[in-house]
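Work through the exercises below with the sequence and the 3D structure open. Each task is followed by a solution in steps.

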Amino acid sequence: MHAARNVALFAICVSILFTVARVNADELLYQLPPKVIADLVDTPPTPLPSLPYDKHIMMLLEQPTLPSIAEISQPELRLAGIRINPRNNGLSREGYYAKLHVYDYKNKDASPKLVQGFPQGARIGHFSWSPDGKSAVATVHGDKEISLWLIDPSTYSAKKLIDKPVNGAFYSSYTWVSDGSLVVSLVPDERGEAPSKDAVPKGPLVQENMGRKRPARTNPDLLKDPHDERLFEYYMKSQLARVDLTGKIEKLGEPDLYSRIDASPDGKHLLVVTVHRPYSYKVAYSRFPQKVQVWSLPSGAPEKQLSDNPLMEEVPIDFAAVPTGPRAYSWRDDADATVKWVEARDGGDPKAKADIRDEVFMLPAPFDAQPTRLAQLSLRYGGITWGTGQLALLNEWWWSDRKTRTFIIAPDDVAKKPRVLWDRSSEDRYGDPGEPVLDTTARATVVLHRTNKGNLLLDGNGASPEGDRPFLDELDLEKLTTKRMWRSQAPNYEYVAKVLDQAGNQVLTRRESVSEPPQYYLKNFSSKSERRITNFPNPNPSLAKVEKKLLQYQRADGVKLSGMLYVPPGFVKGESKPLPLLMWAYPTEYKSKDAAGQIDGSPYRFVRVSFMGPLFALLLNVAVLDDPKFPIVGEGKIEPNDSYVEQLVAGAEAAVKEVVNIGVADKDRIAIGGHSYGAFTTVNLLAHTNLFRAGIARSGAFNRTLTPFGFQSEERNFWQASNVYNTMSPFSHADKIDEPLLLIHGEVDDNPGTYPVQSERLFEAIKGLGGTVRWVVLPAETHGYRAKESILHMFYEMTQWLEKYVINAPKRG
């Protein structure tokens, strides 16, 4: 009797078990959103143009659609801040091109020609033109190796240049030499099998600190043990080799951990940066000890050791902090072989008082003289753009007050006093003069473009109260005045992609409008003529009639705000009923209220559904307010985050009031969402307001005590501003979150601070407190999702959430 009863109970339990398992299995399968949304996922981005130094021809780089989950689920090692695919010895998350097209764009009767010869389905990586512009090379990322390919534009063909595999684990896998050869990082011959981990531990892992301050921001991919150290050396070690365009290989030096290689403009020397022990479990490889040398070409013999910097674990976490030793090595692009570097004079600590923060030095070949001091800077070194011996632009900056200064200097006449070209705030978008137009030379260097009059050309975004209106200016270097040559005009958004002649009268532009996808044009300012040279199809015709408008309004304290409003087709203001609305946010910190109120973006850019943005909701008949400005301002000595919550709430209240008052949004059906810091914003707004019916928070950080040494623009550590950290953390206010919250996170998030445990802990908190929450983990995804299956499922989750809790939500009681 009891046996029969037990058998029956067992059968029932098994039946229940399999029922539960079947439900869970269904739930775990990738799902699809509505077809009208799914159809947009397979549309590739607009191809990118690449021109050689003489601009006689164009290569159109065609980007692929989304990769499959199988592709991004390849094995991955996370070593010292780098993620490596051990199968092909390359970066595991590197983007690539699907196809290349050669285009004789100056010939109006020509059309792009597909480059033939690449393997079927080739993943084409690092592409670049040869110095003379007659050929190009690209890496091809295969399943088992990375190979180097030679491209002949004249025959529209590509062929494998060498049979040896390229080491793509560091970011610098090859560099051109001005004689037309290359220096390539190869996988060493006969390196053997990868190190295996001991099956039985030999002892504990021990770390210690003996009274020194060694703060570090969070990083998910650091070395963890001696086995990681061995793997790091195995995969990062490469053999440098000189390769000519016939495929001849000449080895240079011995295999080592070469993190950077750069040939001098005259092609006779090679700048080589080598990483070496002791490694660290606290910082990424860029802070490991580094030896910097100059080698002779073509022999590869060492000529000069410039420095051997020790492990850099004690650099402060402040944004203007730098290592104490020599840094920022590079060649002068306008000279044959002169090395430039920078040294801190304030100990690398921005909190230290110092009249001189940085000094810039130069050393020409044969590298046996004393270095020449090029400049002394009262702020932090920001970069040099080279032109000639009498002209270069030197930039310095400072984080705490957002100051940036640019000087005109004469590298060959260091006694000549620098002239201040620009002295401004980096936050002031309206006052941004633009960036100097640059030329690629026949020596594979990049220098300032000079007009026939010796002037510079400036290319800028043209931020204005009407939105971004890109421009091209001519800068008179004697008078330091500018003349406007061209500016983008409504109803288009257009910018200069390339200047084609010395005077700056002939340019290649990229133009788009709300309903027209980006296309490239040849323009001649002198003859006032233009010719469209591409005909890319509209990737989402279903959004062609979307209405787009720049909203401008104010916060209660008078700070000016804005946001880009999108209204689905068929909505008639004043006649149609208010719509459900999705607000997609990402706050920004400022030191000035005036700068915080400046307009960002353009109302004339093409309406395209971004895989990571909110515009998919338009296809659900939901209005969208994208990037409503939530500035967090702290003027003077006041830090922005000291009143983060108050300012965030004030910005959200102003945005909601505006979209409701203009009759677009139903105040009872507004959702808030965001990615990363936008997710952090989303959860804070659910905790501190009752403005929204539901939230979508993707890949966020919600407990700031887990990032104790700073986050986003916050420089203070937790113990210096514990109240700020706790107040800003929505995890601390989980008991106030009474609206439905959808959490989505990549399983292997690689962004500092946004560990997946952040979403997991918030989910557990809300669940434990009885809230409504759903937590979705996307397998194999990092901070930015890539796989087609992941993106489709993400849209499915967000669509279901909006339909259940916002679109079909009843009126609030």
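**Exercise 1: an enclosed space**

Task: state which residues line the second largest cavity, and sort them by class.

Solution. The lining of the second largest cavity consists of E71, I72, Q74, P75, E76, S92, R93 and R786. The model is predicted, so local features need pLDDT of at least 70 and side-chain atom pairs count only at pLDDT 80 or more, while totals for chains, interfaces and linings use all residues. Residues are numbered from 1 along each chain as its sequence is written, and side-chain values use heavy atoms, without hydrogens and water. On a 1 Å grid over the protein atoms alone, a cavity is a set of points where a 1.4 Å probe fits but cannot get out, a pocket is an open set with protein on both sides within 12 Å along at least five of seven lines, and lining residues have an atom within 4 Å of a point.

Next, the classes: the lining has 2 nonpolar, 2 polar and 4 charged residues. Here Ala, Val, Leu, Ile, Met, Phe, Trp, Tyr, Cys and Pro count as nonpolar, Asp, Glu, Lys and Arg as charged, and the others, Gly among them, as polar.

Last, the volume: the second largest cavity holds about 40 Å³, taken as the space filled by probe spheres set on the points, which are joined across faces, edges and corners. The model has 3 cavities of 30 Å³ or more.

**Exercise 2: an open space**

Task: give the volume of the largest pocket and the classes of its lining residues.

Solution. The volume is about 590 Å³. Among the 24 lining residues, Q207, L222, S280, Y281 and K282 are the closest to the centre. By class, the lining divides into 10 nonpolar, 5 polar and 9 charged residues.

**Exercise 3: a small sheet**

Task: find the strand order and the edge strands.

Solution. The order is β3-β4-β5, in an open sheet of 3 strands with antiparallel pairing. Strands (E, at least two residues) and helices (H or I, at least four) are DSSP runs, numbered from the N terminus; two strands pair if DSSP finds at least two bridges between them. The edges are β3 (77–79) and β5 (90–91), each pairing on one side only. Between β3 and β4 (residues 82–85) there are 3 bridges, and L79 stands opposite I82 in β4.
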